[in-house]
Amino acid sequence: EMAEESQLYWALWINESQQAKDIIEPLEMGFDDLSRNPKHFKQFEPQNAWGNYYTFKNAVESCLAACKKFPSAIIQICK
């Protein structure tokens with residue numbers, strides 16, 4: 001739910017094969033939104049305790065940094 005609410009679900013889980021540069025902008029926008037509105041996003045933390053706002057925000061930040069460092073890398077999502 002948090003990924004959907006932050007508009008990051010498509011960039012992180014749906015688009016199965018893309019270059020890192022293609023998701024930098026959505027990652028930046030989603031990360032900025034997460035950073036500005038923690039109270040809003042904490043309401044979407046999973047009840048089963050598999051992650052929380054902070055782990056998701058940190059994962060997005062790490063992914064964004066990797067995409068910026070390696071913009072021509074091909075991202076493949078395993079489902």
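**Contacts of Phe56**

I began with the contacts of Phe56 and, setting aside its neighbours within four places in sequence, I found it in contact with Met2, Ala3, Ser6, Leu8, Leu12, Trp13 and Leu34. I keep in mind throughout these entries that the model is predicted. Phe56 has its place in helix H5, and I looked up whether it is buried or exposed. At 13% relative accessibility Phe56 counts as buried, because the cut-off for that word is under 20%. I also took a distance from Phe56 to Asn37, and noted that the two are 19 residues apart in sequence and 13 Å apart in space, C-alpha to C-alpha.

**The patch with Trp10**

Next I turned to the surface, where I found that Tyr9, Trp10, Trp13 and Ile14 form a nonpolar patch with about 400 Å² of accessible area together. Trp13, one of the residues of this patch, is also among the contacts of Phe56 that I had listed above. I then looked at Trp10 by itself and placed it in helix H2, which covers residues 9–14. With 45% relative accessibility, Trp10 counts as partly exposed.

**The cysteines**

How many disulfides does the count come to? I arrived at zero, and I wanted to see why for Cys63 and Cys67. The closest cysteine sulfur to that of Cys63 belongs to Cys67 and lies 4.3 Å away, which is too far for a bond, since a disulfide needs the two sulfur atoms within 2.5 Å. Starting from Cys67 instead, I came back to Cys63 as the residue with the closest cysteine sulfur, again at 4.3 Å and too far for a bond. As for their surroundings, I noted that Cys63 is partly exposed at 24% relative accessibility, whereas Cys67 is buried at 3%.

**The salt bridge**

My count of salt bridges came to one. It is formed by Lys68 with Glu28, and the closest N and O atoms of the pair are 3.1 Å apart. Because Lys68 lies in helix H5 (residues 53–69) and Glu28 in helix H3 (residues 24–36), the pair ties together parts that are 40 residues apart in sequence. I checked the exposure of both partners and found Lys68 partly exposed, with a relative accessible area of 45%, and Glu28 partly exposed as well, at 29% relative accessibility.

**The chain as a whole**

Only after these details did I step back to the chain, in which I counted five helices and two strands. Reading along the sequence, I wrote down the pattern as α-α-β-α-α-α-β. The radius of gyration of the chain is 12 Å, close to the 12 Å that the globule rule gives for 79 residues, so I recorded the chain as being as compact as a globular protein of that length. For its extent I noted that the C-alpha trace spans about 35 × 25 × 15 Å along its principal axes.

I then asked what share of the 79 residues counts as buried, and the value I entered is 28%. The accessible surface of the chain comes to about 5500 Å², and 52% of this belongs to carbon and sulfur atoms. My last entry concerns contacts with a separation of 6 or more, of which 71% are accounted for by residues 24 or more positions apart.

Methods. Residues numbered from 1 in each chain as written. Predicted model: local features only at pLDDT ≥ 70, side-chain atom pairs only at ≥ 80, totals over all residues. Heavy atoms only, no water. Patch = residues over 30% accessible without salt bridge, like charges linked within 9 Å, V, L, I, M, F, W, Y side chains within 5 Å. Areas by Shrake-Rupley, 256 points an atom, 1.4 Å probe, with all protein chains shown as cover. Salt bridge = Lys/Arg side-chain N within 4 Å of Asp/Glu carboxyl O. Helix = DSSP H or I, 4+ residues; strand = E, 2+ residues; numbered from the N terminus. Buried < 20%, exposed > 50% of the residue type's maximum accessible area, 1.4 Å probe, protein only. Rg over C-alpha atoms; globule rule 2.2 N^0.38 Å. Contact = heavy atoms within 4.5 Å.
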